[in-house]
Amino acid sequence: TVTNVIDGDTLYIDCQDGQNSYTRIRLLGIDTPEINTESGDMYFAREASDFARKTSLGKQITVYLDEKENTRDKYDRLLAYVLLPDGLYLNEMMLNEGFAYAYTKYRHSFYNKYNQLESRARSGKKGLWLNVTPEQLPQWLYDRDKEAR
């Protein structure tokens with residue numbers, strides 16, 4: 001069960017993990033705008049967090065790991081795809097609705113699919129893609145887009 005949503009791409013579930021009574025999960029293959037950075041919230045961070053919270057908090061989920069990716073990130077969060085009770089993946093919903101970016105820094109099993117989902121959200125001007133400016137993007141994405149131009 002999802003017990004806490006930290007931001008758009010990080011949540012806690014009620015499953016013991018080492019010394020912790022919960023497991024921290026980082027949604028694999030996506031990145032969302034950050035909350036509480038040194039310069040404040042990134043553009044659309046609260047909306048992304050609210051969507052993730054509304055969609056997953058208190059729900060029984062199924063967690064899938066990826067054989068192509070490490071199972072933990074540098075913060076020791078479990079990297080996973082999260083299947084919701086309605087049969088939809090939270091990772092994909094975040095991309096579809098324009099609350100997340102396809103995280104292209106690392107390869108994973110749905111790398112191409114997630115890029116396509118982001119591209120559709122961009123072209124459909126969904127969520128953050130309606131009004132985001134290049135300067136409001138995370139640095140890694142700004143740099144990637146700049147190289148593509």
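Buried means under 20% relative accessible area, exposed means over 50%, and partly exposed is what falls in between (1.4 Å probe, protein chains only). This is a predicted model, in which local features need pLDDT of at least 70 and side-chain atom pairs count only at pLDDT 80 or more, while totals for chains, interfaces and linings use all residues. Residues are numbered from 1 along each chain as its sequence is written, and side-chain values use heavy atoms, with hydrogens and water left out.

**View 1. The whole protein chain, with its four helices and seven strands.** Helices (H or I, at least four residues) and strands (E, at least two) are DSSP runs, numbered from the N terminus. Read from that end, the order is β-β-β-β-α-β-β-α-β-α-α. The radius of gyration (taken over C-alpha atoms) is 15 Å, close to the 15 Å that the globule rule gives for 149 residues, so the protein chain is as compact as a globular protein of that length. That rule is 2.2 Å times the number of residues to the power 0.38. Along its principal axes, the C-alpha trace spans about 45 × 30 × 30 Å. Of the 149 residues, 45% count as buried. A contact here means heavy atoms within 4.5 Å. Take the contacts between residues at least 6 apart in sequence, and 56% of them join residues at least 24 apart.

**View 2. The surface and charges of the protein chain.** About 8,300 Å² is exposed, and carbon and sulfur atoms supply 46% of that. These areas come from the Shrake-Rupley method with a 1.4 Å probe; for residues, only the protein chains shown count as cover. As for charge, there are 20 positive and 23 negative side chains, and the centres of the two sets lie 4 Å apart. Lys and Arg count as positive and Asp and Glu as negative, with His and the chain ends not counted. Each charge is placed at NZ of Lys, CZ of Arg, CG of Asp or CD of Glu. A salt bridge needs a side-chain nitrogen of Lys or Arg within 4 Å of a carboxyl oxygen of Asp or Glu, and the count comes to 10.

**View 3. Glu118 and Arg122, a salt bridge within helix α3.** How far apart do the side chains of Glu118 and Arg122 meet, N to O? The answer is 3.0 Å. The two residues are four apart in helix α3, so about one helical turn separates them. Glu118 counts as buried at 4% relative accessibility, whereas Arg122 is partly exposed at 26%.

**View 4. Glu92 and Lys113, a salt bridge between two helices.** The closest N and O atoms of this pair are 3.1 Å apart. Glu92 sits in helix α2 (residues 90-96) and Lys113 in helix α3 (residues 111-123), so the pair ties together parts that are 21 residues apart in sequence. Glu92 is buried, with a relative accessible area of 14%, and Lys113 is partly exposed at 36%.

**View 5. Asp73 with Arg77, and Asp76.** Asp73 and Arg77 form a salt bridge, with 2.7 Å between the closest N and O atoms. Asp73 counts as buried at 18% relative accessibility, and Arg77 counts as buried at 14%. Asp76 is in the loop between β5 and β6 (78-83), and its phi is near 65°, a positive value in a residue other than glycine. Is Asp76 buried or partly exposed? With a relative accessible area of 45%, Asp76 is partly exposed.

**View 6. Asp31 and its salt-bridge network.** Asp31 belongs to strand β4 (residues 30-31) and counts as buried at 7% relative accessibility. Salt bridges link Asp9, Arg26 and Asp31 in a network. Leaving out residues up to four places away in sequence, Asp31 touches Asp9, Arg26, Ala100, Tyr101, Tyr103, Pro138 and Trp140. Lys68 is 37 residues from Asp31 along the chain, and their C-alpha atoms are separated by 18 Å.

**View 7. Tyr64 in strand β5 (residues 62-64).** Tyr64 counts as partly exposed, at 36% relative accessibility. Which residues does Tyr64 touch, not counting those up to four places away in sequence? They are Leu79, Ala80, Tyr81, Leu83 and Tyr89. Arg46 is 18 residues from Tyr64 in sequence, and the C-alpha to C-alpha distance is 26 Å.

**View 8. Lys125 in the loop between α3 and α4 (139-148).** Lys125 is not a glycine, yet it has a positive phi of about 50°.
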